[in-house]
Amino acid sequence: MIRLITKPLYGEFSDTLVGMYQLRHRVFKLRMNWDVQISGDMEIDEFDALDPAYLVQLSNDGKVQGTVRLLPTSGPTMLSETFSALLNGRKPPSDPRVCESSRFAIEVAADAQKGDHGITQSTYELFAGMVEFGLSRELTDVVTVTDVRMERILRRAGWPLRRIGDPSRIGNTLAVAGYLEISIEILSSLRKAGGFSAPVLWTPVILSAA
């Protein structure tokens, strides 16, 4: 199950958000050794203060196992404020039909069930949740900064990144910025590859105000 948690729901799902920040700490600081801001055993940065929407994926026993952060491009984003070098001189997107995704993280067992192309079903589910979110907001695209490893996974999953510019070394990561299409066709493809057909977002939450 994936919960969409927006500002009006932060208090109701505070424990889930703590679990999400702890997951991000384990993935981005401990596993990937990124230069990220740490508060105890949680990874939290200044973009979390901008009231983003979060998709939080829960395991069958209710533990946080995946997440992604979503911000409107009408305000500050990681691409515009932190990774502008990846724009190759272009202006960052500022469009109500485009949001930015960041802090995509999944932590599942090595033997977790897989869909097509050796990609875990959990990954497909979180990808599909992003598209469902986008369709519910009438978005055309998600813009993101990712590494070339994740770019390859997106391509294999059938959700190819449309690069804004060439990859660039940032810290210990070869990073690239680009757009991901939001469409019914992409959603259908991701669901088929992941082996599921029903919506993945928890309906009572997706209908809440952003």
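## Strands, a pocket and a few unusual turns

In this predicted model, pLDDT stays under 50 over residues 204-210, a stretch for which the model has 17 contacts beyond four places in sequence. Where pLDDT is low, the predicted coordinates should not be read in detail. So much for the weak spot; the overall picture comes next. The protein has a mean pLDDT of 93, and 96% of its residues reach 70 or more.

A good place to start is strand 1, which covers residues 2-5. In a regular strand the side chains alternate between the two faces of the sheet. Here Ile2 and Leu4 sit on one side, with Arg3 and Ile5 on the other, and these four residues are all buried, so both faces of the strand are covered. Strand 1 runs antiparallel to strand 4 (residues 53-58), and four bridges join the two. One of the residues involved is Ile5, whose bridge partner in strand 4 is Tyr54.

Further along, strand 10 turns up again and again. Seven bridges connect strand 10 with strand 7 in the antiparallel sense. Across from Thr144, the residue in strand 10 is Gly178. Strand 8 also runs antiparallel to strand 10, with two bridges between them, and Gly178 appears here too, as the bridge partner of Arg163. Then there is strand 9 (residues 168-170), joined to strand 10 by three bridges, again antiparallel. In that pairing, Arg169 stands opposite Leu174. Strands 9 and 10 form a hairpin with two residues between them, and Gly171 in the turn has a positive phi of about 60°.

Now for the hollow parts. The largest pocket has a volume of about 1100 Å³. It is lined by 49 residues, and the closest to its centre are Phe28, Met32, Trp34, Phe104 and Asp147. Several elements give two or more residues to this lining: helix 1 (14-31), strand 6 (98-106), helix 3 (121-136), strand 7 (141-147), helix 4 (148-157) and strand 10 (173-181). Strand 6 makes the largest contribution, with six residues. As for chemical character, the lining divides into 26 nonpolar residues, 13 polar ones and ten charged ones.

Helix 4, one of the elements in that lining, has its own set of buried residues: Val148, Met150, Glu151, Ile153, Leu154 and Ala157. What covers them includes strand 6, helix 3, strand 7, strand 8 (162-163), strand 10 and helix 5 (184-194). Just after helix 4 comes Gly158, which takes a positive phi of about 90°.

Glycine is one thing, but what about other residues? Most residues other than glycine have a negative phi. Asp51 is an example with a positive value, its phi being near 60°. This residue is found in the loop between strand 3 (42-43) and strand 4. Its relative accessible area is 38%, which lies between 20% and 50%, so Asp51 counts as partly exposed. Glu138 also has a positive phi, near 60°, and is found in the loop between helix 3 and strand 7. With 67% relative accessibility, over the 50% cut-off, Glu138 counts as exposed.

Another loop residue is Ser74, placed between strand 5 (64-72) and helix 2 (78-81). Ser74 counts as exposed because its relative accessibility is 59%, over the 50% cut-off. Along the chain, Ser74 and Ser189 are 115 residues apart, and their C-alpha atoms are separated by 29 Å.

Last comes Arg191, found in helix 5. Is this charged residue buried or exposed? At 17% relative accessibility, Arg191 falls under the 20% cut-off and so counts as buried. Leaving aside residues up to four places away in sequence, Arg191 touches Glu132, Phe196, Ser197, Ala198 and Pro199. By contrast with those contacts, Thr140 is 19 Å from Arg191, C-alpha to C-alpha, and 51 residues away in sequence.

Notes:
Residues are numbered from 1 along each chain as its sequence is written. This is a predicted model: local features need pLDDT of at least 70, side-chain atom pairs count only at pLDDT 80 or more; totals for chains, interfaces and linings use all residues. Side-chain values use heavy atoms; hydrogens and water are left out. Buried means under 20% relative accessible area, exposed over 50%, partly exposed in between (1.4 Å probe, protein chains only). Two strands pair if DSSP finds at least two bridges between them. On a 1 Å grid over the protein atoms alone, a cavity is a set of points where a 1.4 Å probe fits but cannot get out, and a pocket is an open set with protein on both sides within 12 Å along at least five of seven lines; lining residues have an atom within 4 Å of a point. Grid points are joined across faces, edges and corners, and a volume is the space filled by probe spheres set on the points. Ala, Val, Leu, Ile, Met, Phe, Trp, Tyr, Cys and Pro count as nonpolar, Asp, Glu, Lys and Arg as charged, and the others, Gly among them, as polar. pLDDT is the predictor's confidence in each residue, from 0 to 100. Contact means heavy atoms within 4.5 Å.
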